[in-house]
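User: I would like to go through the charged side chains and a small sheet in this model, with the reasoning set out step by step.

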Amino acid sequence: MERTTLFAELLLPLPIKGLFTYRVPFELNDFIRPGQRVAVQFGRKKLYTALVKNIHEKVPKGYTPKYILSLLDETPIVNSIQFSFWDWISDYYMCHPGEVMNAALPSAFKLASESKIHLNPDFKPGDSNMNEREALIAEALIHRNFLSVKEASDITGQLKILPLINTMIEKRVIILEEELKDRYKPRMEDYVMLTEAYQEEKALRKMYEQLEKRAFKQLQILIAYINMSADDGSYREIRKSTLLKAADASKQQLKGLEKKGVFILEERIISRLSDSEASTDPKEIVFNEFQQKALEQIKADFRDKDVSLLYGVTSSGKTEIYIHLIDEVLRKGKQILYLLPEIALTTQIIYRLQQYFGDKVGVYHSRYNEGERIEIWNKVNSDDPDERYSIILGARSAVFLPFSKLGLVIVDEEHDQSYKQFDPAPRYHARDSAIYLAGLHGAKTLLGTATPSFESYFNAKNGKYGLIMLAQRYRDLEMPEIIVSDIRKEMRKKNAQSHFTKILLDHIEEALAKKEQVILFQNRRGFSPRLECEICAWIPMCTRCDISLTYHKRADHLRCHYCGYSTRVPAECGHCGSSRVLMRGFGTEKIEEELSIIIPEANIRRMDLDTTRKKYGHQLIINAFEKHEIDVLVGTQMVTKGLDFDLVSVVGIMNADNMINFPDFRAYERSFQLMAQVAGRSGRKNRQGKVIIQSYKPSHEVIKDVVENDFTGLYARQMAERNRFKYPPYYRLIQLKLLYKDYRLLNEASKVLGTQLHATFPKQVLGPEYPLVSRIKNQYIKQILIKTSRKESVVAVKKELQKQLEEFAALKEFKRVRIKVDVDPY
């Protein structure tokens with residue numbers, strides 16, 4: 001039999017162009033397939049995990065390819081649709097395929113020679129059946145904190161080290177550094193099994209008689225076990241916690257049966273993902289006439305359009321419509337991707353979906369540790385319908401999961417800017433990417449929101465998307481009453497206390513007297529955004545960024561929100577020595593403290609990045625608020641998005657002007673969205689809520705639009721301006737950021753590239769200019785913005801831009817200047 005020589009095109013998780021050809025060892029010919037991971041040597045000494053993209057017999061010309069060292073998977077972990085999706089992300093967002101792979105795969109799938117391994121904290125010498133080489137690595141880790149994969153290779157003298165590392169991870173001898181950072185521990189649980197001696201009827205009856213006389217509670221445990229486990233004369237293992245709950249017994253009572261030799265207890269690793277059973281049939285949902293009409297229109301639009309926009313006011317019952325559509329798609333044996341912009345939102349919605357769909361629902365986001373992410377990945381990728389997750393609820397990274405039968409994509413709060421990834425590459429927008437992903441699967445996409453993005457509304461009005469309006473709140477709930485409080489007037493009358501106008505305080509006190517709840521929104525965390533000398537106007541600045549430091553009172557330090565630099569609070573001015581250094585502005589921390597002084601009997605909590613850093617931070621705060629353990633919730637954007645609390649009757653927007661006056665062409669659009677969304681948290685469950693907007697300029701057009709709920713008026717005015725000044729959706733934007741530590745060389749480099757681009761794209765280029773924050777982490781920044789008409793071929797524009805960037809990269813004097821490309825940047 002003639003030997004066939006195979007070659008594989010491999011994708012490496014590195015920011016380098018193209019694929020790399022490796023030779024397949026003959027013994028792997030029958031096993032290797034696209035989508036599997038392999039271990040390869042890249043460069044002289046480095047080892048990487050690569051993905052097989054293509055397999056062929058064409059011999060490379062001009063060089064001898066290296067051999068693949070080993071195959072890491074029995075079955076593919078990535079499918080062909082994913083590869084097509086990754087190619088589109090790479091092309092559209094102008095990044096390297098390896099950067100997409102890096103973003104898509106959980107870290108534990110990407111072992112490399114630089115990866116660091118640690119001894120598993122739960123490992124006990126002698127626990128695992130290790131071979132000689134595994135024992136060498138374990139012994140080295142007992143004496144050292146960590147090893148790199150390269151060092152493990154040197155210790156064992158084995159080049160093909162990655163399969164060995166994989167095996168040791170599976171045996172729970174070692175863990176990756178990423179998992180150690182997450183403090184990942186497996187979920188363990190005791191299981192109870194009847195010993196062989198008591199599986200005979202005679203012995204079991206005798207034990208019944210003994211227990212009946214001396215230990216009646218132990219008898220109840222034994223009876224509960226028999227009732228739960230007996231099946232065709234055989235007995236199965238039962239979770240210890242489940243058995244004790246069923247028998248209403250203690251651990252000590254079960255221990256007594258174990259000592260008598262009736263039961264064996266064994267510890268098992270169980271899934272880290274919570275199981276749940278469906279308790280409600282989606283068919284039991286009763287729609288009002290407006291929801292029914294919207295549902296029928298969505299189905300009609302889906303016959304000839306792939307994407308529809310559900311524009312429904314807050315509390316209009318959009319989620320019930322989603323549940324009905326999910327149920328229909330599930331019955332066809334297809335999968336559903338349900339995207340949310342904020343991890344906080346998953347807490348409430350996962351519970352609602354599990355009510356209807358039980359353990360078919362999986363959750364995927366960045367707060368999950370590596371073990372959980374891999375488990376979810378494998379469950380989405382499973383061929384077994386009983387094992388596979390059919391519904392995935394997740395933040396933007398969920399678009400990269402290995403769906404094979406996607407039937408519906410729901411993008412909730414589609415307007416939210418959290419769907420945009422800014423750093424690192426790929427700088428993708430999850431909404432737009434999800435629409436393309438759905439198209440690859442032949443699936444439909446439903447965009448849902450109470451405040452549409454201008455792009456989506458523009459596409460819907462022009463017939464590209466279906467448009468479904470849901471203008472009536474569920475169960476005829478009234479829209480909240482919106483009151484605008486003039487901060488300037490209140491301060492002049494001396495009615496304001498700290499940052500609270502009398503109108504806002506009166507409504508807070510009235511709500512608390514009725515045992516209702518309040519949400520206060522301030523889009524800035526920390527205690528005070530800056531300190532300032534009253535004499536010379538000196539402001540403490542970050543040493544690594546061109547930005548003022550924010551004061552955090554609980555930690556009692558100044559902190560940079562860009563790089564994390566922190567320092568103590570100065571006792572005097574760093575310029576003139578004056579002790580009159582005052583706090584300017586206010587953040588969520590200051591609101592929380594000052595309101596607790598004004599209303600000491602209220603239980604006040606914060607929900608911002610500082611209080612939700614831990615994995616379950618969001619969930620704990622939201623659960624406490626739902627149980628009415630919190631009276632007033634102070635928060636940043638997290639409190640504006642899709643949360644549903646029955647007792648919230650008052651919402652306060654502490655300062656509307658900060659959002660409106662932000663120097664960005666989307667400032668009015670985003671201000672309206674944030675204020676309308678946070679207003680929607682008020683007045684649910686048969687009561688009209690109140691929203692108090694504090695502003696120095698209450699007559700501003702955006703505030704008027706919010707009061708009158710006039711999205712279309714704002715849209716019409718803003719679209720006229722965008723058309724005039726060449727901004728989306730009429731024009732596409734591509735932003736280039738040049739970064740370097742020496743501003744002189746950066747200025748020179750940006751001038752050269754800017755001149756090239758002005759010549760290539762006449763009258764379409766702005767810059768180069770310094771952005772608002774011109775230095776971050778000691779890297780100076782210059783920006784160039786390219787505007788292209790939608791009538792132009794975006795493919796041709798990107799091709800020409802790529803050519804210009806490659807020519808610039810070839811200039812030796814600017815080799816160290818980094819360029820970040822951001823397509824659709826804002």
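Analyst: Helices here are DSSP runs of H or I with at least four residues, numbered from the N terminus. The model is a predicted one.

User: What separates glutamate 201 and arginine 205 along helix 7?
Analyst: Glutamate 201 and arginine 205 form a salt bridge in which the closest N and O atoms are 3.4 Å apart. Glutamate 201 is partly exposed at 49% relative accessibility, and arginine 205 is partly exposed as well, at 44%. Because the two residues are four residues apart in helix 7 (residues 201-214), their separation is about one helical turn.

User: How many residues apart in sequence are the parts tied together by glutamate 534 and arginine 580?
Analyst: The side chains of glutamate 534 and arginine 580 meet in a salt bridge, with 2.8 Å from N to O. Glutamate 534 lies in the loop between strand 21 (530-533) and strand 22, whereas arginine 580 lies in the loop between strand 24 and strand 25 (581-584), so the parts that the pair ties together are apart in sequence by 46 residues.

User: Are arginine 606 and glutamate 592 buried or exposed?
Analyst: These two side chains also meet in a salt bridge, at 2.8 Å from N to O. The pair links distant parts of the chain, since arginine 606 belongs to strand 26 (residues 604-607) and glutamate 592 to helix 19 (residues 588-598), 14 residues apart. The term that applies when relative accessible area is under 20% fits both arginine 606 and glutamate 592, which are buried.

User: Which strands are the edge strands of the open sheet in the order 22-23-24?
Analyst: Three strands form this open sheet, and their pairing is antiparallel. Strand 23 (residues 557-559) pairs with strand 24 over two bridges, and leucine 558 stands opposite threonine 567 in strand 24. The strands that pair on one side only are the edge strands, namely strand 22 (550-552) and strand 24 (566-567).

User: What is the relative accessible area of aspartate 386?
Analyst: Aspartate 386 gathers with Asp383, Asp384 and Glu387 in a patch of negative charge on the surface. Its place is the loop between helix 14 (370-381) and strand 15 (391-394). Exposed means over 50% relative accessible area, and aspartate 386 is exposed at 75%.

User: Where is arginine 492 placed?
Analyst: Arg488, Lys489, Arg492 and Lys493 gather in a patch of positive charge on the surface. Arginine 492 is exposed, with a relative accessible area of 61%, and its place is in helix 17 (residues 487-492).

Key
Residues numbered from 1 in each chain as written. Predicted model: local features only at pLDDT ≥ 70, side-chain atom pairs only at ≥ 80, totals over all residues. Heavy atoms only, no water. Patch = residues over 30% accessible without salt bridge, like charges linked within 9 Å, V, L, I, M, F, W, Y side chains within 5 Å. Areas by Shrake-Rupley, 256 points an atom, 1.4 Å probe, with all protein chains shown as cover. Salt bridge = Lys/Arg side-chain N within 4 Å of Asp/Glu carboxyl O. Lys, Arg positive; Asp, Glu negative; His and termini not counted. Charge placed at Lys NZ, Arg CZ, Asp CG, Glu CD. Buried < 20%, exposed > 50% of the residue type's maximum accessible area, 1.4 Å probe, protein only. Pairing = 2+ DSSP bridges.
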